[in-house]
Amino acid sequence: MIRLFTALSVPDEVAEALARRQTGLPGANWRTADQLHITLAFYGGIDERRADDLSIELERAATGGPFAIALSGVGAFGDGHRTHAIWAGVAPNERLSVLAGRCRSAAERAAISIERRDYRPHLTLAYLKPQTDPDRIGAWIADHNLLQSPPIRVDRFGLYSSVLTQGGSRYHLEREYVL
């Protein structure tokens with residue numbers, strides 16, 4: 001079994017700008033530059049035959065040509081009374097939503113079941129330890145909520161594998177698709 005997802009990589013200059021914001025929150029496990037990405041679709045653990053089928057089907061998703069996106073604001077994910085992660089948002093973008101939908105459709109054509117939920121594009125900045133102070137989380141979000149990036153050119157996306165380790169997930173680009 002291999003854990004797979006499709007995502008957009010983050011240019012070095014954007015990763016460097018985000019790294020300057022990744023401070024001041026005790027309990028945050030900040031993502032490194034090589035862990036930063038914008039997920040298009042998460043496929044989970046699948047066998048190699050289905051992974052090969054998915055790779056072929058993703059060729060059909062790679063259409064429409066380049067477009068631009070921009071990061072906009074920050075926020076948090078959590079459930080109940082615990083915040084699990086903080087993220088940078090992505091400004092609404094129809095082309096991005098269409099691409100994510102095509103990546104989901106590729107899974108269906110490859111007979112891979114994936115979670116059904118609305119696509120909320122974001123870039124995870126940190127995962128939070130359970131003891132992270134909620135007031136500090138709120139203050140960090142308030143301090144950084146005006147985040148805006150210059151336009152980010154999207155001319156390709158990748159199929160990545162993910163391996164969970166003690167130090168966090170490690171990602172490997174398996175295949176790249178040019179738009």
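Modeller: Axes are lines fitted to C-alpha atoms, for helices over the stretch in contact, and angles run from 0 to 180 degrees between N-to-C directions. The model is predicted.

Colleague: At about how many degrees to β3 does helix α3 run?
Modeller: Helix α3 spans residues 94-109 and lies across β1, β3 and β9, the last of these being residues 156-165. The three strands belong to an open sheet with the order β3-β1-β9-β10 and antiparallel pairing. Against β3, the angle of helix α3 is about 10 degrees.

Colleague: Which strands stand at the edges of the sheet β3-β1-β9-β10, each with a single partner strand?
Modeller: The sheet is open and has 4 strands. An edge strand has a single partner, so one of its sides is left without a neighbour in the sheet. Averaged over the sheet, and with direction ignored, neighbouring strands are turned by 25 degrees against each other. The edge strands are β3 (37-46) and β10 (168-178).

Colleague: Over how many bridges do β1 and β3 pair?
Modeller: Strand β1 covers residues 2-9, and its pairing with β3 is antiparallel. Ile-2 is placed opposite Ile-46 of β3, while Leu-8 is placed opposite Ile-38 of β3. The number of bridges between β1 and β3 is 8.

Colleague: Which residue in β9 stands opposite Thr-6?
Modeller: β1 also pairs with β9, in the antiparallel sense and over 5 bridges. Within β9, the residue opposite Thr-6 is Leu-159.

Colleague: Is Ala-7 buried or exposed?
Modeller: Ala-7 is in strand β1. Beyond residues up to four places away in sequence, Ala-7 touches His-37, Ile-38, Thr-39, Leu-40, Phe-157, Gly-158 and Tyr-160. The cut-off for burial is a relative accessible area under 20%. Ala-7 has a relative accessible area of 0%, so Ala-7 is buried.

Colleague: What is the C-alpha to C-alpha distance between Ala-7 and Ala-106?
Modeller: Helix α3 lies across β1, among other strands. Ala-7 and Ala-106 are 99 residues apart in sequence, and their C-alpha separation in space is 14 Å.

Colleague: What is the relative accessible area of Ser-55?
Modeller: Ser-55 sits in helix α2, residues 48-61. Leaving aside neighbours within four places in sequence, Leu-159, Arg-175 and Tyr-177 are in contact with Ser-55. The C-alpha atom of Ser-55 is also 9.2 Å from that of Glu-174, although the two residues are 119 residues apart along the chain. Ser-55 is buried, and its relative accessible area is 12%.

Colleague: Which strands stand at the edges of the sheet β2-β7-β6-β5?
Modeller: This sheet is open and has 4 strands with antiparallel pairing. On average its neighbouring strands are turned by 30 degrees against each other, direction ignored. Two of the strands have a single partner strand each, so one side of each is left without a neighbour in the sheet: β2 (28-30) and β5 (71-79).

Colleague: Which residue in β7 stands opposite Trp-87?
Modeller: Strand β6 (residues 82-90) and strand β7 (residues 122-128) form an antiparallel pair over 5 bridges. The residue of β7 opposite Trp-87 is Thr-124.

Colleague: At about how many degrees to β5 does helix α4 run?
Modeller: Helix α4 consists of residues 134-144. The strands that α4 lies across are β2, β5, β6 and β7. Its angle to β5 is about 165 degrees.

Colleague: Within what arc do the buried residues of α1 fall, seen down its axis?
Modeller: In helix α1 (residues 12-19), the buried residues are Val-14, Ala-15 and Leu-18. They line one face of the helix because, seen down the axis of α1, they fall within a limited arc. Asp-12 and Glu-13 are exposed on the other side of α1. The arc that holds the buried residues is 100 degrees.

Colleague: What covers the buried residues of α1?
Modeller: Val-14, Ala-15 and Leu-18 are the residues concerned. Their cover includes β5, β7 and β8 (152-154).

Colleague: Which strand gives the most to the lining of the largest pocket?
Modeller: The largest pocket has a volume of about 890 Å³. Its lining has 27 residues, and Thr-39, Phe-42, Arg-117, His-122 and Tyr-127 lie nearest its centre. At least two lining residues come from each of β1, β3, β6, β7, β9 and β10. With 5 residues, the strand that gives the most is β3.

Conventions:
Residues numbered from 1 in each chain as written. Predicted model: local features only at pLDDT ≥ 70, side-chain atom pairs only at ≥ 80, totals over all residues. Heavy atoms only, no water. Pairing = 2+ DSSP bridges. Contact = heavy atoms within 4.5 Å. Buried < 20%, exposed > 50% of the residue type's maximum accessible area, 1.4 Å probe, protein only. Arc of directions from axis to C-beta. 1 Å grid on protein atoms, 1.4 Å probe; cavity = no way out; pocket = protein on both sides within 12 Å on 5 of 7 lines; lining within 4 Å. Points joined across faces, edges and corners; volume = space filled by probe spheres on them.
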